[in-house]
Amino acid sequence: MLLFFADRRKVWKVESVAGLDPGQLTLLFERYRVPARTPVLLDDAMRPVEPLCSWFRRLAMDRLDPKTMKGYAHTVLIQAGSHPDA
């Protein structure tokens, strides 16, 4: 399992995403809004790990402190045996 944190600025830095024009990308961000610093867990095939990703999104939408979510995400990785410090 891989851990990332949502950051729109990084997507805009690459200026394009294969198969999407800038308008589609903006629409996608608005439709599937993920607050900044929300943990995103991906499996080895780079697919979202559910229900964890949905749970973190819900916590972010409820305005849980990003530092708390980061702690939760690292706990998930330790429990899964995927954390670099495990």
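## A walk through the predicted model

Start in the interior. Select Leu 3, Leu 41, Val 49, Cys 53, Phe 56, Leu 59, Ala 60, Met 69, Ala 73, Val 76 and Leu 77: these 11 residues form the largest nonpolar core. Helices H3 and H4 each contribute at least two residues to this core. Keep in mind as you go that you are looking at a predicted model.

Stay with one member of that core, Leu 59, and show its neighbours. Leaving aside residues up to four places away in sequence, Leu 59 touches Leu 64, Met 69 and Tyr 72. Met 69 is itself part of the core you have just selected, and Tyr 72 will come up again at the next stop.

**The aromatic rings**

Now select Trp 55, Phe 56 and Tyr 72, which ring pairs link into a cluster. How many aromatic pairs are there? The count comes to 2. In one of them, Trp 55 and Phe 56 sit 4.9 Å apart, centre to centre, with 55° between the planes, a tilted arrangement. In the other, Trp 55 and Tyr 72 are stacked, with 5.8 Å between the centres and 20° between the planes. This stacked pair links distant parts of the chain: Trp 55 belongs to helix H3 (residues 52-61) and Tyr 72 to helix H4 (residues 66-80), 17 residues apart.

Try a surface view here. Is Phe 56 buried or exposed? Phe 56 has a relative accessible area of 0%, so it counts as buried. Trp 55, at 38% relative accessibility, is partly exposed, and Tyr 72 is partly exposed too, with 37%.

**The largest pocket**

Next, hide the rings and look for the largest pocket, which holds about 360 Å³ of space. To find its middle, select Ala 6, Val 34, Val 40, Leu 42 and Pro 48, the residues nearest its centre among the 14 that line it. Colouring by secondary structure helps at this stop: strand E1 (2-5), strand E2 (39-42) and H3 each supply at least two lining residues. What is the make-up of the lining by class? It has 11 nonpolar, 2 polar and 1 charged residues.

**Backbone details in the loops**

For the last stops, switch to a backbone view. Most residues other than glycine have a negative phi, and most peptide bonds are trans. Zoom in on Glu 50 and Pro 51, and you will find a cis peptide bond joining them, with omega at about 10°. Pro 51 lies in the loop between E2 and H3.

Move to Arg 37, in the loop between helix H2 (22-31) and E2. Its phi is near 70°, a positive value in a residue other than glycine. Arg 37 has a relative accessible area of 47%, so it is partly exposed.

Finish at Arg 63, which you will find in the loop between H3 and H4. Here phi is near 65°, again positive in a residue other than glycine. Is Arg 63 buried or exposed? With a relative accessible area of 76%, Arg 63 is exposed.

Note on methods: Residues are numbered from 1 along each chain as its sequence is written. This is a predicted model: local features need pLDDT of at least 70, side-chain atom pairs count only at pLDDT 80 or more; totals for chains, interfaces and linings use all residues. Side-chain values use heavy atoms; hydrogens and water are left out. Rings of Phe, Tyr and Trp (its six-membered ring) pair if their centres lie within 6.5 Å; planes under 30 degrees apart count as stacked, over 60 as edge-to-face and the rest as tilted. Buried means under 20% relative accessible area, exposed over 50%, partly exposed in between (1.4 Å probe, protein chains only). Helices (H or I, at least four residues) and strands (E, at least two) are DSSP runs, numbered from the N terminus. On a 1 Å grid over the protein atoms alone, a cavity is a set of points where a 1.4 Å probe fits but cannot get out, and a pocket is an open set with protein on both sides within 12 Å along at least five of seven lines; lining residues have an atom within 4 Å of a point. Grid points are joined across faces, edges and corners, and a volume is the space filled by probe spheres set on the points. Ala, Val, Leu, Ile, Met, Phe, Trp, Tyr, Cys and Pro count as nonpolar, Asp, Glu, Lys and Arg as charged, and the others, Gly among them, as polar. A nonpolar core is a set of buried Ala, Val, Leu, Ile, Met, Phe, Trp, Tyr and Cys residues joined through side-chain atoms within 4.5 Å. Contact means heavy atoms within 4.5 Å.
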